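Subject: Structure handover

Hello,

Here is the structure I promised to pass on to you. My notes follow below it, so please have the viewer open while you read.

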Amino acid sequence: MSRVTGSSQRVFIFAFILLVMGGGLVFLSWGQKNDPILLPYLPQGSYLPVVRVGEMGVRVYVADTQEEQQKGLSIFDTLPPSTGMFFVFERDDVYGIWMKDMKFAIDIIWLDAEGRIVDIQEHATPESYPHVFTPRAPARYVLEVVSGFIEQRSITPADYVDFSGVF
């Protein structure tokens with residue numbers, strides 16, 4: 001008859017707890033598409049919200065202050081696929097986007113208050129600065145994503161973006 005020592009028993013209990021916790025995380029990850037456990041964690045203690053362009057979820061950094069909007073994505077060296085920046089403005093207007101200090105090309109999507117795409121700009125490059133890209137119609141929101149996003153997903157003006165996960 002073998003005897004279980006205190007040390008062996010503690011190792012077994014620790015392994016069992018890890019197994020249960022891992023199973024719980026797997027169980028939680030089977031939830032809805034917007035489950036926070038699946039989204040990147042920000043140091044401030046919050047998760048990146050998700051906007052939906054068709055069936056495609058895009059994790060977004062929200063720029064709702066003038067300082068954040070002026071810097072935009074220029075604070076990043078690259079942008080992972082399915083990630084972007086969502087600009088929130090207080091009223092409809094013709095908001096221009098420049099590529100000052102940008103390090104990579106982006107696609108720009110202007111949205112009205114209901115989420116309808118009012119204009120798009122594909123492949124805006126850092127070399128285009130100081131040119132300012134403006135929409136053909138007033139917009140309330142702007143979504144910036146990696147270059148090629150619009151083409152790969154066949155996005156056109158009049159499509160809708162669900163940004164209910166931001167607010």
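Partly exposed, in these notes, describes a residue whose relative accessible area lies between the 20% under which it counts as buried and the 50% over which it counts as exposed. By that rule Asp93 is partly exposed, because its relative accessible area is 29%. Please keep in mind that this is a predicted model.

Let me stay with Asp93 for a moment and move on to the charged pairs. The side chain of Asp93 forms a salt bridge with that of Arg91, at 2.8 Å from N to O. In total, five salt bridges are counted in the model.

Another of them joins Glu67 and Lys71, with an N to O distance of 3.3 Å. Both residues sit in helix α2 (residues 66-71), and because they are four residues apart there, about one helical turn separates them. Glu67 is exposed at 52% relative accessible area, while Lys71 is partly exposed at 43%.

A further salt bridge links Arg136 to Asp119, where the closest N and O atoms are 3.4 Å apart. This pair ties together distant parts of the chain: Arg136 belongs to the loop between β7 and β8, Asp119 to strand β6, and their positions lie 17 residues apart in the numbering. Is each partner buried or exposed? Arg136 is exposed, with a relative accessible area of 74%, whereas Asp119 is buried at 4%.

Now for the sheet. In what order do its strands run? The sheet is open and has seven strands, ordered β6-β5-β8-β3-β2-β1-β9, and the pairing is mixed. At its edges are β6 and β9, each of which pairs on one side only. As background, strands of a sheet pair through backbone hydrogen bonds, in either a parallel or an antiparallel sense. Here β5 and β6 are antiparallel partners, with five bridges between them. One residue to look up there is Leu111, whose bridge partner in β6 is Ile117.

Next, the nonpolar interior. In soluble globular proteins, nonpolar side chains tend to be buried together. The largest nonpolar core in this model contains 21 residues, and those with the most contacts inside it are Leu73, Phe104, Ile106, Ile108, Trp110 and Val142. Strands β3 (83-93), β5, β6 and β8 (139-146) each contribute at least two residues to this core. A second core, separate from that one, has 19 residues, among them Ile120, Tyr141, Ile155 and Val166.

Phe104 is a good place to zoom in. Setting aside neighbours within four places in sequence, Phe104 is in contact with Leu73, Phe76, Asp77, Thr78, Leu79, Met99, Ala124 and Pro126.

Val51 is worth a look too. Val51 lies in strand β1 (residues 50-53) and counts as buried because its relative accessible area is 0%. Not counting residues up to four places away in sequence, Val51 touches Met56, Gly57, Val58, Val60, Phe86, Leu143, Val161, Asp162, Phe163 and Val166. Of these contacts, Leu143 is 92 residues away along the chain, and the C-alpha atoms of Val51 and Leu143 are separated by 9.2 Å.

On the surface, Trp98, Tyr129 and Val132 make up a nonpolar patch, with about 260 Å² of accessible area together. Tyr129 is located in the loop between β6 and β7 and is partly exposed, at 35% relative accessible area.

Finally, some backbone details you may want to check in your own tools:

- The peptide bond from Tyr129 to Pro130 is cis, with omega near 20 degrees. Pro130 is in the loop between β6 (117-124) and β7 (132-133).
- Asp101 has a positive phi, near 65 degrees, although it is not a glycine. Asp101 is placed in the loop between β4 (97-98) and β5 (106-111), and is exposed, with a relative accessible area of 55%.
- Ser154 also has a positive phi without being a glycine, near 50 degrees. Ser154 is placed in the loop between α3 (149-152) and β9 (161-162), and is exposed at 57% relative accessible area.

Happy to hear your thoughts once you have had a look around.

Best wishes

Note on methods. Residues numbered from 1 in each chain as written. Predicted model: local features only at pLDDT ≥ 70, side-chain atom pairs only at ≥ 80, totals over all residues. Heavy atoms only, no water. Buried < 20%, exposed > 50% of the residue type's maximum accessible area, 1.4 Å probe, protein only. Contact = heavy atoms within 4.5 Å. Pairing = 2+ DSSP bridges. Core = buried A, V, L, I, M, F, W, Y, C linked by side-chain atoms within 4.5 Å. Salt bridge = Lys/Arg side-chain N within 4 Å of Asp/Glu carboxyl O. Patch = residues over 30% accessible without salt bridge, like charges linked within 9 Å, V, L, I, M, F, W, Y side chains within 5 Å. Areas by Shrake-Rupley, 256 points an atom, 1.4 Å probe, with all protein chains shown as cover.
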